[in-house]
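Me: Could you take a close look at one loop residue for me, and say whether it is buried or exposed? Then carry on from there to the other spots you'd check at the bench.

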Amino acid sequence: MTESLTVRDNRTGVEYDIPITDGTIRAADLGKIKANEDNPGLAVYDPGFVNTASCRSSVTYIDGDKGVLEYRGYPIEQLAEKSNFLEVSYLLVHGDLPTKEEYDAWVHEITYHTFVHENIKEFMQGFRYDAHPMGMLMASVGAMSTFYPDAANISDPDNRRLQIIRLIAKMPTLGAWAFRHAQGKPYVYPDNDLSYTGNFLSMLFKMSESKYAPDERIAKALDTLFILHADHEQNASANAVRSVGSTQVDPYSSVAAGVGALFGPLHGGANEAVLRMLRRIGKVENIPAFIEGVKAGNERLMGFGHRVYKNYDPRAKLIKQQAYNVFEVTGTNPLLDIAQELEKIALEDEYFVSRKLYPNVDFYSGLIYEALEFPPEMFTVLFAIGRTPGWLSQWLELVQDKEQKIARPKQIYTGERGLTFVPRDVRWA
Ligand SMILES: CC(C)(COP(=O)(O)OP(=O)(O)OC[C@H]1O[C@@H](n2cnc3c(N)ncnc32)[C@H](O)[C@@H]1OP(=O)(O)O)[C@@H](O)C(=O)NCCC(=O)NCCS
C-alpha cells in the first residue's frame, strides 16, 4: 500500500492526495495546492528548519530518545573504544571501513599533507596579537582556496579526494598555529613521525626540545574527543557547509562557512559556558543553592539538556571516561568534584528527570580542555578539527546527490509594495 496524505483545501474545496515517502512529504507537492491559478502555491514556514529534511543522507544516524549515535551504521561507543580518528574519518568520507592497504595509504597521505605553504604562515602572523583563534582558522581555511585553485574542479572524484586529504591534514596545523600566535610563540612545523594527535600536541606545546614526546594518554583522549565530534548529521555547521557547497564552490570555502557557523555560542561555545559555571559555583557546598536557582528558572545548568537527545548523550559517557584518563596525567581538578556532584544531584532531581535533562557532550569536554591548559577560545578550534571529516562527508554527499539544488529558501514577504520613489531633492525640500 502506498502511504499518502489527503489534504482538503478549504479555500477551494479541492482535495489533494500527497504521497508520503520515508515519513516525509515533498514540499513541491504542497506547491501544487493553489487557491487560484495566479496563486504561488502552498509553502511551509519553518524558521530554523526544525521540521524540514533538506537532504537524504547515509552518514550519521541519531535517535535522540534512545541516546543512539551511529556513523555509517557503527555505534559511536564501539568507534570511540576500538577505532581511531583517522580510521573514523575514512569511514565517514568513504562510507566503509578501510582494508589494511586503504588504511595505510590514507594515514600516509594525511600525514604527508600536514605542511602548509609558507605564505599561509606569513599571513597568519599578520593577525593582531589578540585575534580569536576561530577567526584565524576560518580565514586561513578560506584562504586555502587561493593556494589550491584546482579545488574548484569539484566534479572530478580524484580532485575531491585530494582536497579532502589536504583539509583533514592541515586543520591541526592551522589550529595549532592560531594557538601559538595568541601566546607570541613561534609556530611549530608538523612532525610526520608522530600520530595525528601526537603531531597536533607537538605543534601546540613543543618548545626548545629537539623532538616532542606526546603523552600517549593525552593523545588518546584528544583522539577520542575528535571521534566524538566528527559528525552530528544536519546541525547548523553541516547545514552551512551544504548551503554554501550547493553553489558548487570549492570545499575550502564551504568548510570556512562551517567554521563560521561553529564559532557561534549556540553551536560550538557551550563547553566554555560549562567551565564558567563551574568556576562561579566554586565549591561543592554551593551546589544546592545553585540548583535551587536553576529550578526557579533564574539560570540554566550548562552542559545539560539537548535539542535532540532526550536521554543520556552517548558522547557524554565516553568523554567522562577520557576526563579521568587525562586527570591521571595532569592531576585532578577541583572543578571535577563540582561537576560530579552536580551530575549526581541533577540525575536524581525530579526537575531534571521529568524534563529529560541529561549531561551533554559539553559537560566534560571543557574540563578536559582546561586540564590541558587550553584557553577557552581554543575549545571551539578543537571541535572544528574533529568536525572536519564530518563536514567533508556531508559536502561529498551533497555534490554527488543529483536531487540537490542551490539552497534557496522561500520567504513570507512582510514589507511594503509598489511605493513611488521620491528623489532626495524633492523629499528633503
Ligand atoms: C540545549 C538546549 C538549548 C536545548 O533546548 P530545547 O530542546 O529547546 O529545550 P527547552 O529550552 O524547550 O527546555 C525544555 C524544558 O527544560 C528546561 N531546561 C532545558 N535545559 C535546561 C538546563 N540546561 N537547565 C535547566 N533547565 C533546562 C527548560 O527551562 C524547559 O523547562 P519548562 O518546560 O519548565 O519551561 C537546552 O537544554 C540548554 O540551554 N542547555 C544548556 C546549554 C547547553 O549545554 N548547550 C549545549 C548543547 S550540546
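Reply: Glu416 counts as exposed, because its relative accessibility is 58% (exposed is over 50% relative accessible area, buried is under 20%, and partly exposed is in between, with a 1.4 Å probe and protein chains only). Keep in mind that this is a predicted model, so local features need pLDDT of at least 70 and side-chain atom pairs count only at pLDDT 80 or more, while totals for chains, interfaces and linings use all residues. Residues are numbered from 1 along each chain as its sequence is written, and side-chain values use heavy atoms, with hydrogens and water left out.

Glu416 belongs to the loop between helix 18 (376-400) and helix 19 (424-427); helices and strands here are DSSP runs numbered from the N terminus, H or I with at least four residues for a helix and E with at least two for a strand. Between the C-alpha atoms of Glu416 and Gln163 there are 46 Å, and along the chain these two are 253 residues apart.

Two other loop residues go with this one. Gln248, in the loop between helix 10 (236-245) and helix 11 (251-263), also counts as exposed, at 59% relative accessibility. Its phi is near 70 degrees, which is positive even though Gln248 is not a glycine. Phe49 has a positive phi as well, near 45 degrees. You'll find Phe49 between helix 1 (27-30) and strand 3 (60-63), and with a relative accessible area of 47% Phe49 is partly exposed.

For a buried loop residue, go to Thr114, which sits between helix 4 and helix 5 (118-125). Thr114 is at 4% relative accessibility, so it counts as buried. Its side chain comes to 3.0 Å from the backbone oxygen of Thr111. Outside the four places on either side in sequence, Thr114 has contacts (heavy atoms within 4.5 Å) that include Lys170, Pro190 and Asn199.

Thr114 also helps line the largest cavity, along with residues including Leu86, Asp191 and Tyr196. A cavity here is a set of points on a 1 Å grid over the protein atoms alone where a 1.4 Å probe fits but cannot get out, and a lining residue has an atom within 4 Å of a point. Helix 4 (100-111) and helix 8 (196-205) are the elements that each give two or more residues to that lining. The count is 1 cavity of 30 Å³ or more, and the largest holds about 50 Å³, a volume being the space filled by probe spheres set on the points, with points joined across faces, edges and corners.

Now the strands, which count as paired if DSSP finds at least two bridges between them. Strand 1 (residues 4-9) and strand 2 (residues 14-19) run antiparallel and share 6 bridges. They make a hairpin with 4 residues in between, and Gly13 in the turn has a positive phi of about 80 degrees. Asp9 faces Val14 across that pair.

Elsewhere, 3 strands make an open sheet in the order 3-4-5, paired antiparallel. Strand 3 and strand 5 (74-75) are at the edges with a single partner strand each, so one side of each has no neighbour in the sheet. Strand 5 pairs with strand 4 (residues 68-71) over 2 bridges, and Tyr71 lies opposite Tyr74 there.

Note on methods
1 Å grid on protein atoms, 1.4 Å probe; cavity = no way out; pocket = protein on both sides within 12 Å on 5 of 7 lines; lining within 4 Å. Polar contact = N/O pair within 3.5 Å; in protein donor to acceptor, adjacent residues only side chain to side chain.
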